Each structure stands twice: as C-alpha cells, then as structure tokens.
Amino acid sequence: MLKDHLLNLGYNETAVTIITFNNEIYNYKGNDLCNKVDSIYHCLLSIGYCSKDIISITQFYPGVFLLDEKNIKNRMRFLCLLGYSYDNVKFLILHNPNILSMNLNEIKEIIKTFMNLKYEYNDVINMSLKFPTIYNINSQDIISRYNDLINLGFQKEEVYGVTKKHPDLYGKEYELYKTK
C-alpha cells in the first residue's frame, strides 16, 4: 500500500525500498501512514520544495514522514530566528534533513561552542551553510577537532581561517589530519 502510494508520488523503486525498510517507517502500521506521507509531502511542497527535493529529503531521512507538520514549520521559524534566511533554511533542510528532528538546545549549544572558541556568530552561520551537517557533531567533538588542529601545530588564526573555508574539517577524525 505505502509502496504504491510512494510510486504514485514519483519515487523510484530504490527510494521506495529505502523508505519502506526504514525501522521507524517499517514499524508504523495502518492507513494512517499514507495520510501522514501525504500531509508531510504537501507541507514540504507548500514550503517551496519541488518533488525532486522532497524525494531527496525523505529518502535521506524517512523519519520526516513521522514528524508533525506544525513542528516542521516551527523548526523553520526557529532557524530563521537564528539568523538564516528562508532560502538558507530550505538549503539546510535539503542537505541535512535530520535538523528537523534535532533538539533545539543542541543546535544552540553547537553555536555557543563555536562562539566560545572565538568564532563570530556570522561565521558559524556561514560555516553551517558550507557544511550543513555541522550541527550533527556534538560540542565535545568540535572542541576535540579544534584542539587536534592546534596540536598539529596550527596557530589559532590559521585554524579559524581554514575551518571557515572548510568547516567539514570538524567532521574529520584526527588520524585523517595527520595523513594530509
């Protein structure tokens, strides 16, 4: 039933398999799931995503279908209040759909962590647009990566400069730094 419903919405077989075998989705029973899919699909359309983007978002994070439409819109408002433009919020969600279900305090904590490391607020916003999954890294790991770079002999100014241009360095393991 769900498979046919997703195919009718334009999903290909691969995307349907990924979504229907997701644990959260797989364990959700009943006709309510098709209604939930329709509701979230149309919510994302109303936000301004095209079908291709919605398929990408929900294939990467099928759990988005189990979220509440109101919570998605509230999350978007929250991100706008943090200083993101509406288009930037859409970009963040498209490239890191997990942000829709992240704890808001965790997002604030990650921003605070970077600011404690002496990054400017706008730097954090810009870094997240270059590396949207930066919010998936916990604060301790951010501090550890920063210290790893310092321990490799980089000056603080060099760390700021390179990580502002390449914030994905915060997503890499220390052993990878040594090989570069």
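These are my notebook entries on what I looked up in this structure, which is a predicted model.

**Overall layout**

I began with the protein chain as a whole and found 12 helices and 0 strands, so that entry needs no strand pairing from me. Reading from the N terminus on, I noted the elements as α-α-α-α-α-α-α-α-α-α-α-α. Along the principal axes, the C-alpha atoms fill a box of roughly 60 × 35 × 25 Å. I then looked up burial and contact range: of the 180 residues in the protein chain, 43% are buried, and among contacts with a separation of 6 or more, 71% join residues 24 or more positions apart.

**Cysteines**

Next I looked for disulfides and recorded 0 of them in the structure. Cys-34 is in no disulfide, the nearest cysteine sulfur being that of Cys-43, 18 Å away. I checked Cys-43 in turn, and its sulfur lies 14 Å from the closest cysteine sulfur, which belongs to Cys-80 and is too far away for a bond; the cut-off for a disulfide is 2.5 Å between the sulfur atoms. On accessibility, I put Cys-34 down as buried because its relative value is 9%, and Cys-43 as buried because its relative value is 1%.

**H4 against H6**

Cys-43 also appears in a helix contact, which I looked up next. Helix H4 (residues 32-47) packs against helix H6 (residues 69-81) at an angle of about 30 degrees, and their axes are 10 Å apart. I therefore entered H4 and H6 as roughly parallel to each other, since angles under 35 degrees are counted that way. Their crossing is right-handed. From H4 the contact takes in Ser-39, Ile-40, Cys-43, Ser-46 and Ile-47, and these meet Glu-69, Ile-72, Lys-73 and Met-76 in H6. Sorted by class, this contact of H4 with H6 comprises 5 nonpolar, 2 polar and 2 charged residues.

**H8 against H9**

I then turned to helix H8 (residues 104-116) and helix H9 (residues 121-130), which pack at an angle of about 125 degrees with their axes 9 Å apart. At that angle H8 and H9 are therefore oblique to each other. The crossing of H8 and H9 is, I noted, right-handed. On the H8 side I listed Ile-111, Phe-114 and Met-115, which meet Tyr-121, Val-124 and Met-127 in H9. The class count for the contact of H8 with H9 came to 6 nonpolar residues, with no polar and no charged ones.

**Pro-62**

Among single residues I looked up Pro-62, which sits in the loop between helix H5 (51-60) and H6. Although in a loop, Pro-62 is buried, because its relative accessible area is 5%. Setting aside residues up to four places away in sequence, I found Pro-62 touching Ile-18, Ile-19, Asn-22 and Ile-25. I also recorded the C-alpha to C-alpha distance from Pro-62 to Asn-23, which is 9.3 Å, while the two are 39 residues apart in sequence.

**Ser-139**

My last entry concerns Ser-139, which is placed in helix H10 (residues 139-151). Ser-139 counts as buried because its relative accessibility is 14%, the cut-off being under 20%. Apart from its neighbours within four places in sequence, Ser-139 is in contact with Glu-109, Ile-110 and Thr-113.

Definitions and conventions: Residues numbered from 1 in each chain as written. Predicted model: local features only at pLDDT ≥ 70, side-chain atom pairs only at ≥ 80, totals over all residues. Heavy atoms only, no water. Buried < 20%, exposed > 50% of the residue type's maximum accessible area, 1.4 Å probe, protein only. Axes fitted to C-alpha atoms, helices over the stretch in contact; angles between N-to-C directions. Helix = DSSP H or I, 4+ residues; strand = E, 2+ residues; numbered from the N terminus. Parallel < 35°, antiparallel > 145°, perpendicular 65-115°, else oblique. Left-handed = near helix turned anticlockwise from the far one by under 90°. Contact = heavy atoms within 4.5 Å. Nonpolar A, V, L, I, M, F, W, Y, C, P; charged D, E, K, R; others polar.
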